[in-house]
Amino acid sequence: MKILVTGSKGFIGKNLIVELKNQGYKEIYEYDIDSSLEDLGKYTSDCEFVFHLAGVNRPKDEKEFIEGNFGFTSTLLDSLRKHNNKSTIMLSSSIQAELNNPYGISKKKGEELLFSYGKEVNSKILVYRFPNVFGKWCKPNYNSAVATFSFNIANELPITINDPNVDMSLIYIDDLVNELINGLKGNPNKKGDYCNVEPVYKVKLGQIVDLLYSFKESRLNKEIPDTKDPFTKKLYANYLSYLPKDKFSYELKMNVDNRGSFTEFLKSDDRGQVSINISKPGIVKGNHWHHTKNEKFLVVSGTGVIRFRKIDETEVIEYFVSGNKLEVVDIPPGYTHNIENLGNTDMVTVMWANEKFDPEKLDTYFVEV
């Protein structure tokens, strides 16, 4: 299928095109502000589907709204009409088309023009009225509060919040792109005259800002976001895309002694804690047990043995472990346990505990295996 994408270098256009290519679509005509009318004529001569994403939302002069959101739509349709091309056309409109402001009026006129054209030539029309869209590659300090706040917070720049109680309606770029491709395949989420992207998240601006700051703080406290919540999961992915290129990495505090080191990596209230344990050759660590706390050990480098003894018995159980054969060893409650490095190099163990370390509630009792 030959697909024309106008506004191909914009936020939605870039995300759409890369996913179209991921899904195997090869003939994609990319049209943007630096393209020519000759390009448009060539593309509209044989395209089979049009994603009309081009538009103006932050002009220097208000008259550019009509020129960009109505005028170019007219030019596009004239070119399709000239070639008797009855391709399905998807239009990127806005919920502001319902409002009486220059931007909304221009979007509404673009919609009306497209609906009229569809009836005239018997072409299928898909009009989407998007609320605020967030996600990777959205330009900060332009027309998206989420992009601006994400960029500024990730880059340690100040932000200004006029009213934290403002309700925002948001859709995520990947959900939007998936819906557009559904439309391409003939399965748009259409209700009445308009098509819709779901889900739409209703979130207060202050809540968004709090989450973004918590993402930044997570590098210090090692807390991972609650990705069970779909909006938090998507906002966190969005936030990471705005990290400075020289700040992708961050240091962890290593607790080092003559035995090796122990370093907390990640933790959360409901999913426990992950740590990295490094043991020097011949070193034994542990010799303690827990009432309820439980753990999983995974040796990823080196060789060693994990020993267990039920605290009211004498039998010692041994599990020999190695980075050459990755296997997880559960650490049940009621068993005192230790881990010994049997090799000649450092042994590295990934350790998961079902709860975060709490110095006020250790549930750890030292008893030799």
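**Exercise 1. A polar contact of Asn-338**

Task: In this predicted model, find the side chain with which the side chain of Asn-338 makes a polar contact, and describe the surroundings of Asn-338.

Solution.
Step 1. The partner is the side chain of Asn-287, and the contact has a length of 3.0 Å.
Step 2. Place the residue in the fold: Asn-338 belongs to strand S19, which covers residues 335-341.
Step 3. Check its accessibility. The relative accessible area of Asn-338 is 6%, and the cut-off for buried is under 20%, so Asn-338 is buried.
Step 4. List the neighbours, leaving out residues up to four places away in sequence. Asn-338 touches Val-284, Lys-285, Gly-286 and Asn-287, and also Val-305, Ile-306, Arg-307 and Val-369. The polar partner Asn-287 is thus one of the residues touched.

**Exercise 2. Arg-129 and its partners**

Task: Decide whether Arg-129 is buried or exposed, and name the side chains with which its side chain makes polar contacts.

Solution.
Step 1. Arg-129 is found in strand S5, residues 125-130.
Step 2. Its relative accessibility is 16%. Buried means under 20%, so Arg-129 counts as buried.
Step 3. One polar contact runs from the side chain of Arg-129 to the side chain of Glu-98, at 3.3 Å. Another goes to the side chain of Tyr-194, at 2.9 Å.
Step 4. Both partners also appear among the residues that Arg-129 touches, when residues up to four places away in sequence are not counted. The others in that list are Ser-93, Ser-94, Ile-95, Ala-97, Lys-108, Glu-111 and Cys-195.

**Exercise 3. Cysteines without a bond**

Task: State how many disulfides the whole structure has, and explain why Cys-47 and Cys-195 do not form one.

Solution.
Step 1. The search of the whole structure finds zero disulfides.
Step 2. Take Cys-47. The closest cysteine sulfur to its own is in Cys-195, 18 Å away. A disulfide needs sulfur atoms within 2.5 Å, so this pair is too far apart for a bond.
Step 3. Take Cys-195. Its closest cysteine sulfur is in Cys-47, again at 18 Å and too far for a bond.
Step 4. Compare accessibility. Cys-47 is buried, with a relative accessible area of 3%, and Cys-195 is buried too, with 2%.

**Exercise 4. Salt bridges**

Task: Give the number of salt bridges in the whole structure, then describe the salt bridges of Asp-34 and Asp-270.

Solution.
Step 1. Recall the principle: side chains of opposite charge can pair when their charged atoms come close.
Step 2. The search of the whole structure finds 22 salt bridges.
Step 3. In one of them, the side chains of Asp-34 and Lys-9 meet at 2.4 Å, N to O. This pair links distant parts of the chain, 25 residues apart: Asp-34 is in the loop between strand S2 (28-31) and helix H2 (37-46), and Lys-9 is in the loop between strand S1 (3-6) and helix H1 (11-22).
Step 4. Asp-34 is exposed, with a relative accessible area of 51%, and Lys-9 counts as exposed at 51%.
Step 5. Asp-270 forms a salt bridge with Lys-228, with the closest N and O atoms 3.3 Å apart. Lys-228 is in the loop between helix H7 (205-221) and H8, while Asp-270 is in the loop between strand S12 (260-268) and strand S13 (272-279), so the pair ties together parts 42 residues apart in sequence.
Step 6. Asp-270 also meets Arg-271 in a salt bridge, at 3.1 Å, N to O.
Step 7. For accessibility, Lys-228 counts as exposed at 61%, Asp-270 as partly exposed at 43%, and Arg-271 as partly exposed at 29%.

**Exercise 5. A nonpolar surface patch**

Task: Name the residues that make a nonpolar surface patch of about 240 Å², and locate Leu-252.

Solution.
Step 1. The patch is made by Tyr-250, Leu-252 and Phe-265.
Step 2. Leu-252 sits in the loop between helix H8 (230-240) and strand S11 (254-257).
Step 3. The relative accessible area of Leu-252 is 31%, and it is partly exposed.

Key. Residues numbered from 1 in each chain as written. Predicted model: local features only at pLDDT ≥ 70, side-chain atom pairs only at ≥ 80, totals over all residues. Heavy atoms only, no water. Buried < 20%, exposed > 50% of the residue type's maximum accessible area, 1.4 Å probe, protein only. Patch = residues over 30% accessible without salt bridge, like charges linked within 9 Å, V, L, I, M, F, W, Y side chains within 5 Å. Areas by Shrake-Rupley, 256 points an atom, 1.4 Å probe, with all protein chains shown as cover. Salt bridge = Lys/Arg side-chain N within 4 Å of Asp/Glu carboxyl O. Helix = DSSP H or I, 4+ residues; strand = E, 2+ residues; numbered from the N terminus. Polar contact = N/O pair within 3.5 Å; in protein donor to acceptor, adjacent residues only side chain to side chain. Contact = heavy atoms within 4.5 Å.
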